[in-house]
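Good morning, and thank you for joining this session. I would like to take you through the pockets, the cavities and the salt bridges of one structure.

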Amino acid sequence: MRERTYPPPFPDGWYRVALSTEVGRGKLRYLECLGQQMVVYRSDVDDRVHAMGAFCPHLGANLAGGCVKQGHVECPFHGWQMACDGKVAHIPYAKRLPTRSLQATWPIREQYGQIFIYHRGGCTPDAGVAPPYEMPAIADIDDGRLVFRGRHDAGVVHMHLLEFAENSVDFQHFGPLHGRMFVPWTRMQVPGIAIHHEAAWELDIDPERKHLAYFKNHAILKVFGRFVQRTRASALITFYGPAGVVTFRFTIPDLGEIVMFQTHLPLGPLEQKVDFHWFAAAKIPRMLVSYVIGNWVSQWQNDVAIWENKIHRPRPVLVQEDGPIHRLRRWFSQFYPDGGGAKWTAQGEAAAEPVL
C-alpha cells in the first residue's frame, strides 16, 4: 500500500553494487537489484570489472555458477563463453558464432575501493552506451591528502530513494529529529546538549552538471541553553544523481576534512541497501573520525524510523516556512527520462507549492 504512493522505484543513475574486495580476480558475484539479475565479475586477464545479465542467452543457465576464463564468462551448462560486450566469444562445439550482442551489459566504474554501475530504465542495458554523467572525481582522495579510514554496512532500509533526497530540503524536520546529541553509533541521547542547524539547498548552475544538487548544513551545539561557538561545524552534502551516490564533506577546524560516501542500492521497491565508506586527512585522530561518522549515522537512524513508516504525498499541504520540496521533486524527475515518472511528476507540478 505504501509503495503505490511513490514514483517508480528505480530512477536512472549510478549505484554502488559491491566493494572492490568483494570481486576478486577471475571471480563472479551474483546480484539482484534495480529490477535486474546480473553478474559482476573481474577479468582474469587485466583485472577490469564488468557487469552482464545473469542468464546465458543459450538455454538460460545462471552464469554465476560458471567461471571467468580468458576474460570471458563461461556458462556452466554448455561451456558458452560471453565477452564483456555481451557477444558470444566461444562455443566449444560450434563452427559459427552468433554475431549480434545477446547479453545485457552495464557501464561500470571502479573508484575509491567501490564498484558502481549505471542503471538506465526503459531500454536494454548496454555498456557501450555512454552514461549521461560520470562518477565524481575527488581530488584530495586522488592525490592522497585524504586516506581510507573505514566503512559501515548499514543493512537494508525499507524506503524509497526519493525520501533521502527530499530529506535535504525538509528544513523543518531538523529540530524535531536532529536537535539532540546522541552518543555516536548508538540511540542514547546526551542530556543537556542540543544541536542548532542552519541549512540550505541549491542546484548546480552549470547545465552540463544538472545531475548535481548540494545541501549545506552549519551546526552549533547548545549546552544547557547556551551556544558554544567553538563547536561550530559545517558539512557539504553532494547528490550525484538521485541519491544513489551521495558524498558528505565534513570540515574539522585546524585538522582537515572527512569525505564520506553514503550509497543506496535499490534491491526492490521500498528496499535500499545502505553503505557508508569514508576517507579523512591523515592527521585527524581515528577516534575523532569515528565520532563524526558515528554521530551522523545515529542522526540518520532517526530519519529511518520515519521513512520506513510513511507514505508519499504527491500534493502535500505546505506552509511558507517549509523547504523547496516541489523544486527538489522537479529536479529528481529528470532521472525518469523514459517517462516512467510522468504521472508522479504531473501530480507534483499540479500542486504548485500550496500554502496555508
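I begin with the second largest pocket, which has a volume of about 260 Å³. Please keep in mind throughout that this is a predicted model. The lining of this second largest pocket consists of 18 residues, and those nearest its centre are R16, E22, R29, K273 and D275. Which elements supply at least two residues each to that lining? They are β1, β2, β11 (146-157), β18 (256-268) and β19 (271-281). Sorted by class, the second largest pocket is lined by eight nonpolar, two polar and eight charged residues.

Several of these names return when we turn to salt bridges. R16, K273 and D275, listed a moment ago among the residues nearest the centre of the second largest pocket, belong together with D153 to a network of salt bridges.

Let me now move to the largest pocket. Its space amounts to about 760 Å³. Here 33 residues form the lining, and A219, A233, F250, V292 and N295 are the ones nearest the centre. Two or more lining residues come from each of α2, α3 (174-178), β13 (189-203), β14 (212-223), β16 (233-240), β17 (245-252) and α4 (286-307). Which of the elements gives the most to this lining? It is α4, with seven residues. By class, the lining of the largest pocket comprises 20 nonpolar, 10 polar and three charged residues.

Two of the residues nearest the centre of the largest pocket deserve individual attention, namely V292 and N295. V292 is part of helix α4. Is V292 buried or exposed? Its relative accessibility is 14%, and V292 therefore counts as buried, the cut-off being under 20%. Beyond residues up to four places away in sequence, V292 touches F250, I252 and I258. F250 is itself one of the residues nearest the centre of the largest pocket. As for I258, 34 residues separate it from V292 in sequence, while the C-alpha to C-alpha distance between V292 and I258 is 8.7 Å.

N295 is likewise found in helix α4. With a relative accessibility of 17%, N295 also counts as buried. Which residues does N295 contact, leaving aside neighbours within four places in sequence? The contacts of N295 are M181, F182 and P184.

I turn next to the enclosed spaces. The count of cavities of 30 Å³ or more comes to two. The second largest cavity has a volume of about 40 Å³. Its lining is made up of T105, W106, P107, Y118, R120, C123, T124, P125 and D126. By class, that makes five nonpolar, two polar and two charged residues around the second largest cavity.

Finally, I return to the salt bridges. How many does the structure hold? There are 15 salt bridges, and I shall present three pairs.

The first pair for discussion is D47 with R25, where the closest N and O atoms are 2.8 Å apart. D47 sits in the loop between β3 (36-42) and β4 (49-53), and R25 in the loop between β1 (13-19) and β2 (28-33), so this salt bridge ties together parts that lie 22 residues apart in sequence. D47 is partly exposed, at 33% relative accessibility. R25 is partly exposed as well, with a relative accessible area of 45%.

The next pair is E74 with K69, whose closest N and O atoms are 3.2 Å apart. Are the two partners buried or partly exposed? E74 counts as buried, at 15% relative accessibility, whereas K69 is partly exposed, with a relative accessible area of 36%.

The remaining pair I wish to show is R329 with E166, a salt bridge with an N to O distance of 2.7 Å. R329 belongs to helix α5 (residues 325-332) and E166 to helix α2 (residues 161-167), so the pair ties together parts that are 163 residues apart in sequence. Both R329 and E166 are buried. Helix α2, which carries E166, is also among the elements that give two or more residues to the lining of the largest pocket.

That concludes the presentation, and I would welcome your comments.

Conventions
Residues are numbered from 1 along each chain as its sequence is written. This is a predicted model: local features need pLDDT of at least 70, side-chain atom pairs count only at pLDDT 80 or more; totals for chains, interfaces and linings use all residues. Side-chain values use heavy atoms; hydrogens and water are left out. A salt bridge is a side-chain nitrogen of Lys or Arg within 4 Å of a carboxyl oxygen of Asp or Glu. Helices (H or I, at least four residues) and strands (E, at least two) are DSSP runs, numbered from the N terminus. Buried means under 20% relative accessible area, exposed over 50%, partly exposed in between (1.4 Å probe, protein chains only). On a 1 Å grid over the protein atoms alone, a cavity is a set of points where a 1.4 Å probe fits but cannot get out, and a pocket is an open set with protein on both sides within 12 Å along at least five of seven lines; lining residues have an atom within 4 Å of a point. Grid points are joined across faces, edges and corners, and a volume is the space filled by probe spheres set on the points. Ala, Val, Leu, Ile, Met, Phe, Trp, Tyr, Cys and Pro count as nonpolar, Asp, Glu, Lys and Arg as charged, and the others, Gly among them, as polar. Contact means heavy atoms within 4.5 Å.
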